[in-house]
Amino acid sequence: SIINDIKSRYTKGNIVEKLIYINLAIFIFMLLISDFQDLYKGEINWFVEWFSLDDSFSSLLTKPWTIITYGFLHADFPHILLNLITLYFIGNLFIEYFTQKQLLSFYLLGTFFGGLLYLLSHNYFPLFEGSSSLLVGASAGISAIFIGVTTYIPNYQLKIRFIGFVKLWYLAAIWVGLDILGLSSETNAGGHFAHLGGALFGFLYVNQASNKELNIWNIISSLFTIKKKPLKTVHKSAKKNTKPTQNTSLTQQQINTILDKISKSGYDTLTKAEKDFLFKQGRK
């Protein structure tokens, strides 16, 4: 009955609740594998090694799925608890303004860009030379959701117990600020880079999109497309074409002048030359 109840809640739940259930199920499964592997004195959980993101590009070539799957793994209980609490509150706020499909896109693509920045940082900055690490956690995807909805409604106020109402962008600034301060940390600098990668994606996504229509593939395309100024094509007009154009414009001006004169004073006030001109134009 407990399993059926969980299945029912999962089926009826929104995308935020489903992501929470998936992360919890994977975390429990990972713990079971870890406990069983300890009996054989295993050095590292094979499940973590197979689905976490390694810090080398060569490893990504052999396990390309890890740039997404790492976002469903967590190191320990406090890690997953903080992430899922944030996902619950921020995620449900997000789907009040956007669709559940868009939230899933934010989660997955925030995870992707977070993993990409993690790889770039580990292979560029001297801080990471001689070190090896694995990236796990949903924080990059959650950061994309958090910063995305904050970009859309920065002045939205949340009521926090013992504090009162706080604007959403204040909380987002603290969230991002902590990651920036942790970039030089030797313990989890790579994780902070991943968080910022997801946050950057969330900001650019909403900033580039229209208020009502968020087409994820159009936004990604716009982020990587270099906009070029259209080339101006100058057509050289031949001299023989200049005079007819000028003559046509002059003729029309004369006709307009004569018609204005007729409307004000009548046809009889026209001179013989004006009458002949008007007659010739009428026969063309």
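**Exercise 1. Find which residue pairs with Arg9 in a salt bridge, and work out how the two sit relative to each other in helix 1.**

Arg9 bridges to Asp5, with 3.3 Å between their closest N and O atoms. Keep in mind throughout that this is a predicted model.

- Step 1: check the distance. The cut-off for a salt bridge is 4 Å, and the Arg9–Asp5 pair comes in at 3.3 Å.
- Step 2: look at the spacing. Both residues belong to helix 1 (residues 2-12), and because they are four residues apart, about one helical turn separates them.
- Step 3: check the surroundings. Asp5 has a relative accessibility of 40%, so it counts as partly exposed.
- Step 4: look for others. The structure holds one salt bridge.

**Exercise 2. Asp54 is another acidic residue to try: what is the nearest side chain of opposite charge, and how far away is it?**

- Step 1: place the residue. Asp54 is part of strand 1 (residues 53-54).
- Step 2: search for a partner. Lys63 is the nearest oppositely charged side chain, but it is 5.8 Å away. With a 4 Å cut-off for salt bridges, Asp54 is left without one, even though it is buried.
- Step 3: see what the side chain does instead. It makes a polar contact with the side chain of Ser56, at 3.1 Å.
- Step 4: list the more distant neighbours in sequence. Beyond four places along the chain, Asp54 touches Ser59, Tyr118, Leu119, Ser133 and Leu134.

**Exercise 3. Compare the end-to-end spans of helix 6 and helix 10 with what 1.5 Å a residue predicts, then look at burial.**

- Step 1: helix 6. Residues 77-94 make 18 residues, which should span 26 Å; the end C-alpha atoms lie 25 Å apart, so the two agree.
- Step 2: its start. Asp76 caps the N-terminal end, placing a side-chain oxygen 3.0 Å from the backbone nitrogen of His79.
- Step 3: its buried residues. Among them are Ile80, Leu84, Leu87, Ile90 and Phe94, along with polar ones such as Asn83, Thr86 and Asn92.
- Step 4: helix 10. Here 20 residues (189-208) reach 28 Å from first C-alpha to last, close to the expected 28 Å. Since 15 of those 20 residues are buried, helix 10 is largely enclosed by the rest of the structure.

**Exercise 4. Is Val16 buried or exposed, and which residues does it contact beyond its sequence neighbours?**

- Step 1: locate Val16. It sits in helix 2 (residues 15-38).
- Step 2: read its accessibility. The relative accessible area is 0%, so Val16 is buried.
- Step 3: collect the contacts. Outside four places in sequence, Val16 meets Leu87, Tyr88, Gly91, Asn92, Ile95 and Leu103. Of these, Leu87, Gly91 and Asn92 are also buried residues of helix 6.
- Step 4: add a long-range pair. Leu104 is 88 residues from Val16 in sequence, with 8.5 Å between their C-alpha atoms.

**Exercise 5. Which backbone oxygen does the side chain of Thr150 reach?**

- Step 1: place Thr150. It belongs to helix 8 and, with 6% relative accessibility, it is buried.
- Step 2: follow the side chain. It reaches the backbone oxygen of Phe146 at 2.7 Å.
- Step 3: look further along the chain. Past four places in sequence, Thr150 contacts Leu168, Trp169 and Ala172.

**Exercise 6. What is notable about the phi of Phe162?**

- Step 1: find it. Phe162 is in the loop joining strand 3 (157-160) to strand 4 (164-167).
- Step 2: read the angle. Phi is near 75°, positive in a residue that isn't glycine.
- Step 3: set the background. Most residues other than glycine have a negative phi.
- Step 4: check exposure. At 82% relative accessible area, Phe162 is exposed.

**Exercise 7. Which elements have the lowest and highest mean pLDDT?**

- Step 1: start from the whole. The average pLDDT is 81, and 78% of residues score at least 70.
- Step 2: go by element. Helix 11 (residues 216-224) has the lowest mean, 51, and helix 8 (residues 139-152) the highest, 96.
- Step 3: find the weak stretch. Over residues 223-244 pLDDT stays under 50, and the model has three contacts there beyond four places in sequence.
- Step 4: draw the lesson. Where pLDDT is low, the predicted coordinates shouldn't be read in detail.

Key
Residues are numbered from 1 along each chain as its sequence is written. This is a predicted model: local features need pLDDT of at least 70, side-chain atom pairs count only at pLDDT 80 or more; totals for chains, interfaces and linings use all residues. Side-chain values use heavy atoms; hydrogens and water are left out. Buried means under 20% relative accessible area, exposed over 50%, partly exposed in between (1.4 Å probe, protein chains only). Lys and Arg count as positive and Asp and Glu as negative; His and the chain ends are not counted. A polar contact is a pair of N or O atoms within 3.5 Å; within protein, one must be able to donate a hydrogen and the other to accept it, and residues adjacent in sequence count only if both atoms are side-chain atoms. Contact means heavy atoms within 4.5 Å. The expected span of a helix is 1.5 Å times one less than its number of residues. pLDDT is the predictor's confidence in each residue, from 0 to 100.
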